[in-house]
Amino acid sequence: MSGVLVYSENDSHVQTLASWSADHADTLGPVSVAVLGKDAGNRAEQHRGSGASRVFVNEAPGLEGLAEDVVSSALAQIAKQADADLILLSATRRGRSLASRLAQELDSGCVSEAIEVGIEDGRLITGRYALGGNTVSREVILTPLKVVAVTPGTVEGSGSGAVEGEIISAELSLPEPRMMIVERNPKPASTVNIAESDRLVCVGRGLAQQEDLKLIEDLAAELAGEVACTRPLSSEYGWVSEERMIGISGEKCNPQLILSLGVSGQVQHTVGIMGAKTIVAVNSDPNAPIFKLADYGIVGDLYEVVPALADALKQRGAN
Amino acid sequence: MKIVVCMKQVVDLAQLRFKSDGRTPVLEGLPMILSAFEKHALEEAVRIKEAQADVHVIALSAGSTKLKETIKEALAIGADEAALVIDPAIKDTDVSGSSRLLAGAIEAIGEVDLVLTGEGSDDEYSGQIPSRVAARLGWPQITTVRELALAGEKRLRAVRDMENSLEVVECDLPAVVSVTSELNTPRLPPLTAILKAGRKPTQEWTLTELGINADEIGGKAIQIEVLSNLAPEQERKNEMLEGTLEEQIDALLRALEHEGVLA
Ligand SMILES: Cc1cc2nc3c(=O)[nH]c(=O)nc-3n(C[C@H](O)[C@H](O)[C@H](O)COP(=O)(O)OP(=O)(O)OC[C@H]3O[C@@H](n4cnc5c(N)ncnc54)[C@H](O)[C@@H]3O)c2cc1C
Ligand SMILES: Nc1ncnc2c1ncn2[C@@H]1O[C@H](COP(=O)(O)O)[C@@H](O)[C@H]1O
């Protein structure tokens, strides 16, 4: 291939993608990075050593709001200047939205949320969830230009491909932004990153009321783990903060242990726990699909099992 | 004002089964339903219609002949009209082709002010359609919206849900907006409305009627080759713990201890 262009609004995602690309420069070609918008010149410095041979910079005010139509116009032009035929983005919400816009502008094939990226026989192979998370579709993009947004955490770079990149100020002719940002309000700082927890206690609609979360929190404390939940408990009821929600539209977790309590096991949820080493399920319905995915299952009422388990763990700790 | 809600017909994945290898999905014979996120888009459109005069809501879908039944739910919930693109060629197309069909239909409907979609469809969940349709129409796109307000006929204000921030944005109409499930709680259609839904007008196009050539959405226009589409391999112990609660917990703790997954 002729070259890779890496872009994300998240600088650490850029570094990972650039470093991974540099590891595969034999097949993918030289690596370029685009840094756009506010303070791009300064931010570009940190990408010089990440594996990119060229860092393209543009600070046009129109790029500041990161409107997808303007950013995709910028990336299409830079890809041309860099002679890149693969554009790698990170699959944040903004990144997915941008990837598809850019792909359409370039009339190209796009994988908007790749959970696997690899090279086989000189071809780029991607994997993504399909059929609502039931399957993984492994694909090859057939168009000359390819756009892939990679789920954060999917690839790692060795750092050994690092070169001292040249900073280039990109000449761009950009459209006027039509979407205006009125304000950007940070969400309350995240208190937890369940994607990186070793032990999770995940509760679903088997929980009858918010007050009963105390039981779940107590068990999590005994396990030295974190509380997690299914979507209804966060998005619908607002009982648990969204950052603790697991699934296709939430976090994907790889803990050592997850206890799944009163969770039916719908695939949109369970895609987020596939990476767990050990899965324990407690459900009052012996036919709940979660048992098919579990290593250990207890058919029972979580209101009986959870306090008993917490007690047993406490005693274990005391011994 | 005219609002088009893009609604996809998908197989009911809750009923998905696998072949005896446990990995190959069997799609034949599954019932078709409307994908879930779009119901939030439709609910929003219907609420806008209820709140102000002269709003016309059109449910747009591209798919198989079964759509005629499936789309009745959208009409029952409150869409004024259905617009369907039905053509045998559609089953072999990809997101690029689907976006071509939807953009073509939106142009055929004409004078559309706002296109609403889900943030992702139940089956693909690629989120590519809203961006691709917007790009094809040359309109701005505002994706993953959890709050939406119209500021007069020609402008909208929305709150986008990004991972770490909420962004308040504004843009002129026409625009394409994709919505998340936090936006609202979709209503269930009353039974009587479902019965009456068949009487609402439905426009229907084939590819040719939209002026689209089958080559544009199939054959060489296909952008993605699927190598395999299988359930991930799963090796789980599937051990059901028996006995009294005390015995079950005892056995569980011993097993977890043995696996070294406790703190
Ligand atoms: C496009 C799309 C994306 C989605 N994304 C996500 C996602 O990212 N994450 C997510 O979680 N969901 C997601 N969903 C929703 C998902 O399909 C399920 O609806 C959801 O995961 C179900 O949550 P649940 O298991 O808590 O509830 P339910 O399915 O209602 O299950 C509750 C379970 O609790 C058991 N139970 C009840 N009482 C007790 C008791 N006392 N003791 C023990 N067990 C009990 C019941 O037997 C039942 O199995 C998505 C859906 C769609 C369509
Ligand atoms: N064939 C279709 N017909 C109508 N709307 C669609 C179709 N495919 C996708 N959409 C819309 O685009 C959104 C995102 O779908 P996707 O890009 O497949 O994840 C869905 O929530 C629908 O609103």
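User: What makes the pair formed by an oxygen atom of ligand 2 and a backbone atom of C6(B) a polar contact?

Analyst: The oxygen atom of ligand 2 is 2.6 Å from a polar backbone atom of C6(B). A polar contact is a pair of N or O atoms within 3.5 Å; within protein, one must be able to donate a hydrogen and the other to accept it, and residues adjacent in sequence count only if both atoms are side-chain atoms. The C6(B) pair therefore qualifies. This is a predicted model, where local features need pLDDT of at least 70, side-chain atom pairs count only at pLDDT 80 or more, and totals for chains, interfaces and linings use all residues. Residues are numbered from 1 along each chain as written, chains are lettered from A and ligands numbered from 1 in written order, and side-chain values use heavy atoms, without hydrogens and water.

User: Which backbone atoms of S126(B) and G127(B) pair with ligand 2?

Analyst: A polar backbone atom of S126(B) is 2.9 Å from an oxygen atom of ligand 2. For G127(B), a backbone N or O atom lies 2.8 Å from an oxygen atom of the ligand. Taken alone, ligand 2 exposes 480 Å², and the protein buries 97% of that (Shrake-Rupley method, 1.4 Å probe; for residues, only the protein chains shown count as cover).

User: How many residues surround ligand 2, and what makes a residue count?

Analyst: A residue counts if one of its heavy atoms lies within 4 Å of the molecule. For ligand 2, 19 residues surround it, and E38(B) and S121(B) are among the closest.

User: Why is the site of ligand 1 called shared?

Analyst: Residues from chains A and B surround ligand 1, so the site is shared between chains. The shell has 28 residues, with R205(A), T230(A) and N283(A) among the closest.

User: Which atoms of S264(A), R231(A) and L302(A) pair with ligand 1?

Analyst: S264(A) uses a polar side-chain atom, 2.6 Å from an oxygen atom of ligand 1. R231(A) places a backbone N or O atom 2.8 Å from an oxygen atom of the ligand. L302(A) has a backbone N or O atom 2.8 Å from a nitrogen atom of ligand 1. Alone, ligand 1 exposes 990 Å², of which the protein buries 81%.

User: How do you know the domain bounds of chain B?

Analyst: They come from an automatic or database domain assignment. That gives domain 1 (2–221) and domain 2 (233–263) of chain B. The C-alpha centres of these two domains of chain B lie 45 Å apart.
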